[in-house]
Each structure stands twice: as C-alpha cells, then as structure tokens.
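Got your viewer open? Here is a short tour, one selection at a time.

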Amino acid sequence: MDFEYTAEQLQLRKAVREFAAGEIAPHVMEWDEKQIFPLEVFRNLGKLGYAGAIFPEELGGAGLGYIEYAIVIEELSRVDGSVGIILAAHTSLCSNHIFKMGTEEQKRCYLPKLASGEWIGCWSLTEPEAGSDAAGTKTKAVKEGDSWVLNGAKTFTTNAHYADVCVAMATTDRAAAQHGISAFIIEKGTPGFRAGKKENKLGLRASATGEVIFEGCRLSDNHLLGQLNHGFVDSLKVLDGGRISIAALSIGMAQGAYDAALRYSKMRKQFGRPISEFQAIQHKLVDMAVDLDAARLLNYRAAFMLDRGMRVTRESSMAKLFASEAAVRIANEAVQIHGGYGFIKDYPVEKFYRDVKLCTIGEGTSEIQRLVIARQLLKS
Ligand SMILES: Cc1cc2nc3c(=O)[nH]c(=O)nc-3n(C[C@H](O)[C@H](O)[C@H](O)COP(=O)(O)OP(=O)(O)OC[C@H]3O[C@@H](n4cnc5c(N)ncnc54)[C@H](O)[C@@H]3O)c2cc1C
C-alpha cells in the first residue's frame, strides 16, 4: 500500500488547480445565475487532455488511470461542480461506454473526437418513469429492415443540449425486461433525435440537464453499442466507474466548502476573538476534515482497484455513498460556520450547499447505493 500521490499526480493536481483558478473561478457566479454552459472551458479541457484522461493515447486519450481522473474532477469541482459533472458525464459515462463496449470501428470513429473535446458526449438511461428502476425503460428500438427505429423520451440527461453524440438505452425485447435493453450511439443531427426541455435546477446550474427525445429516429446496425440486449447489464458496469467520478465530484465540492469555512473561521471575529478559537467551531472543522479524508481514501481505493482491472461494484458504491453524504454534511457545516454570510451569494458556500445535493441522487441515489452494497455483502 502507498498513501502518497506520485510526483506526476501532484503535478497534474497543480496544473488543474491553476486552470480552475484562472479559467473557471472568475465566472462561477455569473454562469450559475444565468445558467451559462461553459463550452469554451470544456474545449480547453479537451486541448489539455482532460476530456479523455482515462483512454489510451492511440485513441486520443491521455492514457491516465482513475486516480488521475478523480484528481481532475476533484480539482475542477473544488471551484465549480458544474464543470465537474459536465466532464464526468462526458468521460466516464458516454465515452467510457463506447470505449468498453464499442467495436474497433466505433472506438476509432468517436473516441478521438470525444477525448480531444471537439465533441461533447451525453449518456441517457433515466426516463420519467424509469429512474432508480432503470430496467423499466420504455423507449423502444424496433428493427425495420436494416434499420433500428427509436421512439421515446429520456429525462435528466447531463449535457443533452450540447452533446454531439449520445449513448442511449432502449428496449429491444420487452418480454426479457432488463435483458432486453440495448445501447445505441446517436449523433447530433440524426433525423428524429433532439434535446427537449432543459431543466431549471437547484444547483449545478451551469451544467445543462434535460430531455432527449426520439421520434422515429432511424439508425443502422453500426449504431448498436455492445451486444444486442446487453445494454442494461453493460450500463451497470459503466456505472461502476461512473460512481468514482460522482464521489470525486462530491469530494471536490466538499473540499471547496471546507477551504472556505476554514479561511472564514480564522478571519471572522466575534466576542473579540476569531471564531476558529471556539471549540464548537473547531469540532465542526475536525468532523469536516475527517469526513473528507475518509471519502478520499474510499474513492482512491475504488480507483486503484479499477485501474488494476478489478470489479469495483461494492467499492465504488461505498465511495459514492459515503462521499456524497459526507459532502452534504460538510457543505451544511460550511454554511453554519459562515453564519448569516453563509446564506449570501457573496460567499462561495451557499453555492456548494445547493450544488452538492445532486451527488446523493445522480448515478443512483443513496438508497440505491445501500441496496447495491447490501447485495454485494450478502453474496459473500
Ligand atoms: C442534475 C441531474 C443530472 C443527471 N444526469 C443524468 C445523466 O446524465 N444520465 C442519466 O441517465 N440520468 C441522469 N440523472 C438521473 C438520475 O440518475 C436519477 O434522478 C436517479 O437515478 C433517481 O431517479 P429518479 O429521479 O427517477 O428518482 P426515483 O427513482 O423516483 O426515486 C425517488 C425516491 O425513491 C427512492 N427509491 C426508489 N426505489 C427505491 C428502492 N427500491 N428502495 C428504496 N428507495 C427507493 C429513491 O432513493 C428516492 O429517494 C440526473 C439527475 C439529475 C438531477
């Protein structure tokens, strides 16, 4: 075991931190209030190799592992969770589904463009009536001659309105339930495929979340991703890695909230002393720091195992569950430490408080993570 970052990881962290401070921090509140999608920042992340961190160099990626990927998401989310979730949905959901399940031809066609940031990806599993119970997918794909014809609607898709390519799950054999769902790759501009309503959200407002609609959308067999009827099972494998990115998103935002609270506690004076000298405030800071360390260690363990090709269903669910719930606690205490100023938009913690809640919901709620972990525990 080794609990230290390598020199390369430290260098990566420094580089992403500087990028976030220079290109994201000055705009965070404006993007949040006006719901501006940071397209240019995404393109620049691509130019720096961060939009394809986990993919091999021959496919245009940076050839890094999940620990490095987690570091990138953490550092971006420490400044703005919206940028973190945009990159997470693009990389470990859309691009990774193509990387893990795609044919050589599909990988060569899509991954270089996605990894360079020239294209943005989105991944659509959730539907209005199929959230936690995603196997209840109603969107259907019917074979007509040489084509698949898709009809239906997905909801809550991150990047839906900006995506050049979408990976979406559709039912191909209704009688077979979760073993009758397949994944398809759909390019922007395909007739019968469009983004629908964009949601007006509590947090992560610079990211775009919304509907993806299929109306007689005709696709060739080349657009089937993975084996026919394996789309749902493949999605679960994709989510194993995706949960590491949601844990990293949680940790990054929690770190941002903690840093702000620590700084403020040393500066703010009441009763003639900095509030950091009160034991009640110190205990809050301690609990926040312990939560943060524990979340990071759980997530790096999952990332370490995934980088070695091990199955991480239990570990990534544990990391996601703990990190997201810890991040909600940390953001809450960060607001409390700021007192009334924590409620005001001049300070960064109110935004972390709003943004971080998504982490206990997206890519499987806390309740579903507990269900996944329980199944793993009872199996052994
Ligand atoms: C900002 C945002 C971005 C998102 N991005 C994406 C994306 O890019 N792609 C995508 O496919 N989806 C995305 N989602 C969807 C997200 O994954 C779902 O919202 C989530 O899985 C929960 O589904 P639901 O909203 O339908 O809630 P429901 O499933 O209706 O759950 C409601 C409540 O019931 C609980 N519950 C449900 N079933 C059980 C059970 N068996 N046992 C105990 N409790 C249960 C849940 O935990 C929750 O508390 C996004 C959502 C948001 C808000």
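Which helices do the buried residues of H11 pack against? Before you hunt for them, keep in mind that this is a predicted model.

Start by selecting residues 366-379, which make up helix H11. The helix has 14 residues and reaches 20 Å from its first C-alpha to its last, close to the 20 Å expected at 1.5 Å a residue.

Now color Ser366, Gln369, Val372 and Ile373, the buried residues of H11. Look down the helix axis: these buried residues fall within an arc of 120°, so they line one face of H11.

Next, bring up residues 231-267 and 313-337. Those are helices H7 and H9, and they are what the buried residues of H11 pack against.

Spin the view to the face of H11 turned away from the buried side. Here you'll find the exposed residues Glu367, Arg375, Leu378 and Lys379.

Hang on to Glu367, since the next stop is the ligand. There are 19 residues around the ligand, and Glu367 is among those that come nearest, along with Thr126, Ser132, Phe156 and Thr365.

Time to check some distances:

- Glu367: an N or O atom in its side chain is 2.8 Å from a ligand oxygen.
- Ser132: an N or O atom in its side chain sits 2.6 Å from an oxygen atom of the ligand.
- Glu363: here a polar backbone atom is 3.4 Å from a ligand oxygen.

Finally, show the ligand's surface. On its own the ligand has 980 Å² of accessible area, and the protein covers 64% of that.

Methods:
Residues are numbered from 1 along each chain as its sequence is written. This is a predicted model: local features need pLDDT of at least 70, side-chain atom pairs count only at pLDDT 80 or more; totals for chains, interfaces and linings use all residues. Side-chain values use heavy atoms; hydrogens and water are left out. Helices (H or I, at least four residues) and strands (E, at least two) are DSSP runs, numbered from the N terminus. The expected span of a helix is 1.5 Å times one less than its number of residues. Buried means under 20% relative accessible area, exposed over 50%, partly exposed in between (1.4 Å probe, protein chains only). The arc is that of the directions from the helix axis to the C-beta atoms. Contact means heavy atoms within 4.5 Å. A residue is near a molecule or strand if one of its heavy atoms lies within 4 Å of it. A polar contact is a pair of N or O atoms within 3.5 Å; within protein, one must be able to donate a hydrogen and the other to accept it, and residues adjacent in sequence count only if both atoms are side-chain atoms. Accessible areas come from the Shrake-Rupley method with a 1.4 Å probe; for residues, only the protein chains shown count as cover.
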